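Visitor: Please take a close look at one part of this model, the place where two helices pack against each other. I would like the geometry and the residues involved.

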Amino acid sequence: METESEPVRGLVDVDVQPLSALHERVGERVELTVGGDPDEDALVDELADMDVVFTTSRLPISRRVLEATNLSVVAKFGTGLDNVDVEAANDHGIPVTYTPGLNALSVAEHALGLLLATLRRTVHAQRVLESGGWRDETPIGRQLSGKTVGIVGYGRIGQRFATLLDGFHAETLAFDPYVEQEDAELTGTAMTTLDSLLERSDAVVITTELTDETRGMLDEAAFAAMKPSAVVVNVARGAVIDQSALIGALRDETIAGAGLDVFESEPLTPDSPLHGFETVTLTPHIAARTEEASVACIDRLATNALALLDGRTVPDRYLATGSGLR
């Protein structure tokens, strides 16, 4: 590990904002370079002389990237680690620090916003207004109050989202095989099976991590099991949904709409069929991007990265590897 007096170089993903906060926290110790090409070959070149990388979910910190560079620390913003090969990092003694829970409320709030916008067809209404139309040319929206909302994945984000629904008097269901019913009692949420959740819910909100178990979880059969009036919201990872199956379900009106912040391939291309649906609300993977959450994550990652570079310990909850370096 680096000693406190040695110069340290760090690559910062261009998506990390506000950059000034990271400079303030580590600028005296780490020479920061802003960049990060999502192409593996280009990223290897950028990381050639770097000791630490501060990354969002945008950069592929793969086994190949880790083995071709000399990183001492990987600092990942947020909870999801699907873009970081944690096993490879562990194999090579590279600690991975991340920020589980620190952006959970921001993501939960965005999920609620997407759900409301989808039910009320807000984006379509704005387009009507921009084209010179008025309310008689817009579809009638639907209320959230009194509906049944199913939450797929009941971790930090899912639990916070459930608490935000309190004022809507919604019935909340959740599917998460790693959560017991007693752990959901504080939010009044009923744990159930995925099949039951899909059949009963007026809205299905995805907050689960992307794993081998959850990849493609919402497929053609899942959409067929949902109510024709139901909508789906995804603030987790795009690959949890089979995107082609979703497009087919929207086109065939198997479901009534979708609110999406994440996509199978990012960024979403301008020619994606998803742009063509009046029943779909799209945002560019911004659920966690609030000033409050960003500053909290930067502060924690900066503290952890400096500690790890100095060979000091950090709390286990912020470490994704058992590398023995803490």
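Guide: What follows describes one helix pair. This is a predicted model, in which local features need pLDDT of at least 70, side-chain atom pairs count only at pLDDT 80 or more, and totals for chains, interfaces and linings use all residues. Residues are numbered from 1 along each chain as its sequence is written, and side-chain values use heavy atoms, with hydrogens and water left out. The pair consists of helix α5, residues 104-120, and helix α7, residues 156-164; helices are DSSP runs of H or I with at least four residues, numbered from the N terminus. Their axes lie 8 Å apart and make an angle of about 55°, where axes are lines fitted to C-alpha atoms over the stretch in contact and angles run from 0 to 180 degrees between N-to-C directions. α5 and α7 are therefore oblique to each other; angles under 35 degrees count as roughly parallel, over 145 as roughly antiparallel, 65 to 115 as roughly perpendicular and the rest as oblique. The crossing of α5 and α7 is right-handed, that is, the near helix is turned clockwise from the far one by less than a right angle. On the α5 side, the contact (heavy atoms within 4.5 Å) is made by Ala 104, Leu 105, Val 107, Ala 108, Glu 109, Ala 111, Leu 112 and Leu 115. Helix α7 contributes Arg 156, Ile 157, Arg 160, Phe 161 and Leu 164. Of the residues in this contact of α5 with α7, ten are nonpolar, three are charged and none is polar. Here Ala, Val, Leu, Ile, Met, Phe, Trp, Tyr, Cys and Pro count as nonpolar, Asp, Glu, Lys and Arg as charged, and the others, Gly among them, as polar.

Terms used: Helices (H or I, at least four residues) and strands (E, at least two) are DSSP runs, numbered from the N terminus.
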